[in-house]
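Thank you for coming; please take a moment to look at the model before I begin.

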Amino acid sequence: MNWPLAILTGAGPVASAQAKLGWWLLVVSVVVVVVVTVLVLAGGFRRHSNETSMVEREGAGVRWVVVGGMIVPAIVLTLTFAFTIATENATAAPPKVAGMTVDVIGHRWWWEVRYAGGGSAPTVITANEIHVPVGIPVRLELTSADVIHSFWIPRLAGKTDVVPGQRNVAWIQADKPGIYRGACAEYCGLQHSNMAAFVVAESPAQFEQWTNAQRDTVRAPSDSDAARGLVVFQKSSCMACHTIRGTSAVGRIGPDLTHLVSRMTIAAGSLENTRGNLAGWIANPQSIKPGNDMPTTPLRGSELQALVAYLETLK
Ligand code: HEC
Ligand SMILES: [Cu+2]
């Protein structure tokens, strides 16, 4: 289904159940508003003929109050209450055990995404992109590194608060492969609206391929431009904030850059991940996302070029 209808339909069990409840509430409220409006207007315009006695009129009035004001609302509200409880039950926990757990950490203004590795496998760390296999319930453990954010992928699940010092749990399941865009849904400062998240749902085989590629440590750059770029990276402030697994860079303030090139966007959906945008971002992150936590580093043109050549090897 295409936009705009797509955003009104769930692409997984959680969002579908919530969407059904949403439609029920919408239909019930519209019917109530229409019926009440018609009755108010009808009452206002009605003329009483002299034949109906005062007593008869009062009897009819009491009936309206009992049926229209008590019995009908009691039925509608009880049904809505039951429907809400059922939806909450259905969305609180997956029907079968979650296939995997992903840690999602809100930062101003991007999402850190972590997959704990089993055994000797390293933890896979990426940013703003959550890869999941289709058809499997995925448990999300959400926390924040700074202020309260809210995690929201409309087609997969409703909002979950992301609170510092607390682990909130949500689960998602994508029924079909695709890219599901989401956003931070709790105002968290200047760049709140540039804090997109993407769920990339793929076949189990593709997901495994992705995971294996993400587990790789980077190799030393082979061409001379990129090798100079690594030196620039290590000499500049970049190291203080970014990790590149396999190098001495272990900063944790900004996104892990070990497999930067594998991501679709940079700066949480602000820019497509192209060579030109990467250069533009590093040259002046503050003009692209004013107020964000990455300062502008003064670099010579040749240094910037080498740096980008190096970052482009981080497949
Ligand atoms: C003070 C900490 C800090 C320093 C120093 C810093 N960065 Fe960043 N960097 C960040 C933060 C925070 C973000 C995320 C910004 C956002 O999306 O709001 C970021 C984002 C990025 C991204 C985009 C990553 C993604 O997946 O979105 C790249 C690439 C990057 N930085 C490269 C560099 C390079 C190269 C240097 C050195 C010239 C550098 N950074 C210096 C904090 C820093
Ligand atoms: Cu936020």
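**A strand, a cavity and a ligand**

Strand β8, residues 168–172, is mostly covered, with four of its five residues buried, where buried means under 20% relative accessible area with a 1.4 Å probe and protein chains only, and strands are DSSP runs of E, at least two residues long, numbered from the N terminus. This is a predicted model, in which local features need pLDDT of at least 70 and side-chain atom pairs count only at pLDDT 80 or more, while totals for chains, interfaces and linings use all residues. Residues are numbered from 1 along each chain as its sequence is written, ligands are numbered from 1 in the order in which they are written, and side-chain values use heavy atoms, without hydrogens and water.

Strand β8 pairs with β5, residues 138–144, in the antiparallel sense over five bridges, pairing requiring at least two DSSP bridges, and Val 169 of β8 is the bridge partner of Glu 141.

Turning to empty space, the largest cavity is lined by Leu 140, Phe 151, Ile 153, Ala 157, Gly 158, Thr 160 and Ala 170; a cavity is a set of points, on a 1 Å grid over the protein atoms alone, where a 1.4 Å probe fits but cannot get out, and lining residues have an atom within 4 Å of a point. Strand β7 gives the most to this lining, with three residues.

Finally, which side-chain atom lies 2.8 Å from a nitrogen atom of ligand 1? It is a polar atom of His 242, while a polar backbone atom of Ala 267 is 2.6 Å from an oxygen atom of ligand 1.

Notes
1 Å grid on protein atoms, 1.4 Å probe; cavity = no way out; pocket = protein on both sides within 12 Å on 5 of 7 lines; lining within 4 Å. Buried < 20%, exposed > 50% of the residue type's maximum accessible area, 1.4 Å probe, protein only. Polar contact = N/O pair within 3.5 Å; in protein donor to acceptor, adjacent residues only side chain to side chain.
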